[in-house]
Amino acid sequence: MAVNLVNVENVSKVYGTRALLDGVSLGVSEGDRIGVVGRNGDGKTTLIRMLARLEEADTGRVTHSGGLRLGVLTQHDSLDPKATIRHEVIGVMADHEWAGSAKIRDVLTGLFGGLDLPGFEQGLDTVIGPLSGGERRRIALAKLLIEEQDLIVLDEPTNHLDVEGIAWLAGHLQARRSALVCVTHDRWFLDQVCTRMWDVQRGTVYEYEGGYSDYVFARAERERIAATEEVKRQNLVRKELAWLRRGAPARTSKPRFRIEAANALIADVPEPRDTSELMKFANARLGKTVFDLEDVTVTAGPRTLLQHLTWQLGPGDRVGLVGVNGAGKTSLLRALAEAAASQGEKQPPAGRIVVGRTVRLAYLSQDVAELPAQLRVLEAVQQIRDRVDLGKGREMSAGQLCEQFGFGKEKQWTPVGDLSGGERRRLQLLRLLMDEPNVLFLDEPTNDLDIETLTQLEDLLDGWPGSMVVISHDRFFLERTTDRTFALLGDRTLRMLPRGIDEYLERRQRMIEAAAPAPVAAPPQEKTGVSAADARAAKKELQKVERQLDRISEKEAKLHAQIAENATDFEKVAKLDAELRELSGEREDLEMRWLELAENA
């Protein structure tokens, strides 16, 4: 039986007149992998800070098991600015000691791209003080992951990591024995790493079994059964559920998301986008030409980032742009934006960019545009216009669009100066859309946005008729909003990737392996193969284990269906959940045995 590591008993926390958490009771056991989701400001960070005893509860108590080894990554690191990276991450270990540790080598390579820390001028001897917030955060994460813990608590660990870094971190956490509690808005990451979800809503924490995909189904089912009045929220969840069920089959780390009830829930939900209709409308708004690039060179200062680039962005194209840091993703968008702003007069150092005459470009950069602090949210939007045409006969007022972006009626009268970073980001995007562009450039649009706001943004973009280029490290958002993926791999070219992010990661891995020095050949070893009899026995047991795994899968599917049917009977759900956990433990033991047998069969 799994050992209980942390108990949260009847905990409440009030800020001003608002109860962030109200009588919450939870537990974390060995082997738990818990993802924490909810709207910004609903108490996710407060919950995990109390869980880690970094913040006191107003009422209730938090208890840790004796000798608990706890590692915490907060949004603000406690690194010594006068220290070097070596001092904070490696400590007093000699070079030959840490270089001989497979774990340390894996962490440094995964988070920094190599043992010599490329990108840091002095490598491990770089002083921390002058570094950026993103660089400091990676150092704090490396320091945490090199140590051994019973429980790791992470607050937005994927911030400042690129697609490769996020994929590495997911794999690293999957392989660790530590229990995990993680707050993140990266839905792909949640699906890869987590086996349970905590949804923080209006002072209450709802628990769900499975990763993000399973959570979307269970939440939609719970809201349907409870017949909540939040019709808009239900529709958004059902639409996302439909996309998950119809999308790539291997979206989750384990094949849990197979409940037939999900199909009934989404039977009347259309595809997220009517591509042919949107293309037709985009052609009407944009004509035949949007951006045509002929033999173009893109530079940043003295550096040449792209060379001999011939590429076309057509009407209605939805393009995701990925690539290594510094390869030129943002520089390419800037070159296109400058050509559009000057109506084709400003051209790159070499080659030519042709801009369509009807192009109305909106560019969401990584820098949040400052607005007068005293201006109200609604006033800031109405500065652009009072109503916006979303195409296909859809029209929204400034107030309605504000509500769709999470600014309720009261929040619309909040001064801009009182908004959080994420709220300002939402307002910036909202103002861009109010200007009725027909081409959108979005550079890291998911920064500081919570999952619910991301879902609303995706829903809005589903019906937006125009051309779009998105740069993002959020794999889920890219796959959800774009139709094609292009990559900048650092070799001054732009490549189309028919298989999307998976193909990008495979190409990057091949490039890294090709650049690595050849290993020193080891002396030949005598083979220690298994006998034919042992191989036959292993194969026989392997088949038996596979049959057991199939039976467990069937039982899990039945339990999931029973949980969905009894969603409002919390006592019964708790009992079914306990059975599900027991099955999960059996599954993991069998999977480990399967791997052992597969080597000898």
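User: Which residue just after helix 1 takes a positive phi?

Analyst: This is a predicted model. Helix 1 spans 44–51. Just after helix 1, phi turns positive, at about 60 degrees, and the residue is Arg-53.

User: Is helix 1 mostly covered or mostly uncovered, and how many of its residues are buried?

Analyst: Buried means under 20% relative accessible area. Lys-44, Thr-46, Leu-47, Ile-48, Met-50 and Leu-51 meet that cut-off. Helix 1 is mostly covered, and its buried count is six of eight.

User: Which helices each supply at least two residues of the lining of the second largest pocket?

Analyst: The second largest pocket has a volume of about 1,000 Å³. Its lining holds 37 residues, and Arg-39, Asn-40, Gly-41, Ser-420 and Asp-450 are the closest to its centre. The helices that each give at least two lining residues are helix 1 (44–51), helix 5 (133–146) and helix 15 (421–434).

User: How do the residues of that lining divide into nonpolar, polar and charged?

Analyst: Gly-41, one of the residues closest to the centre, counts as polar. Asp-450 is also among those closest, and Asp counts as charged. Over the lining of the second largest pocket, the division is three nonpolar, 17 polar and 17 charged.

User: How many residues has the core that lies apart from the largest nonpolar core?

Analyst: The largest nonpolar core has 72 residues, and Tyr-504 is among those with the most contacts inside it. Tyr-504 touches residues including Val-163, Val-322, Ala-487 and Leu-497. Apart from the largest core lies another, with Val-107, Ile-128, Ile-152 and Ala-170 among its members, and its size is 47 residues.

Technical notes: Residues numbered from 1 in each chain as written. Predicted model: local features only at pLDDT ≥ 70, side-chain atom pairs only at ≥ 80, totals over all residues. Heavy atoms only, no water. Core = buried A, V, L, I, M, F, W, Y, C linked by side-chain atoms within 4.5 Å. Buried < 20%, exposed > 50% of the residue type's maximum accessible area, 1.4 Å probe, protein only. Contact = heavy atoms within 4.5 Å. 1 Å grid on protein atoms, 1.4 Å probe; cavity = no way out; pocket = protein on both sides within 12 Å on 5 of 7 lines; lining within 4 Å. Points joined across faces, edges and corners; volume = space filled by probe spheres on them. Helix = DSSP H or I, 4+ residues; strand = E, 2+ residues; numbered from the N terminus. Lists of a residue's contacts leave out its neighbours within four places in sequence.
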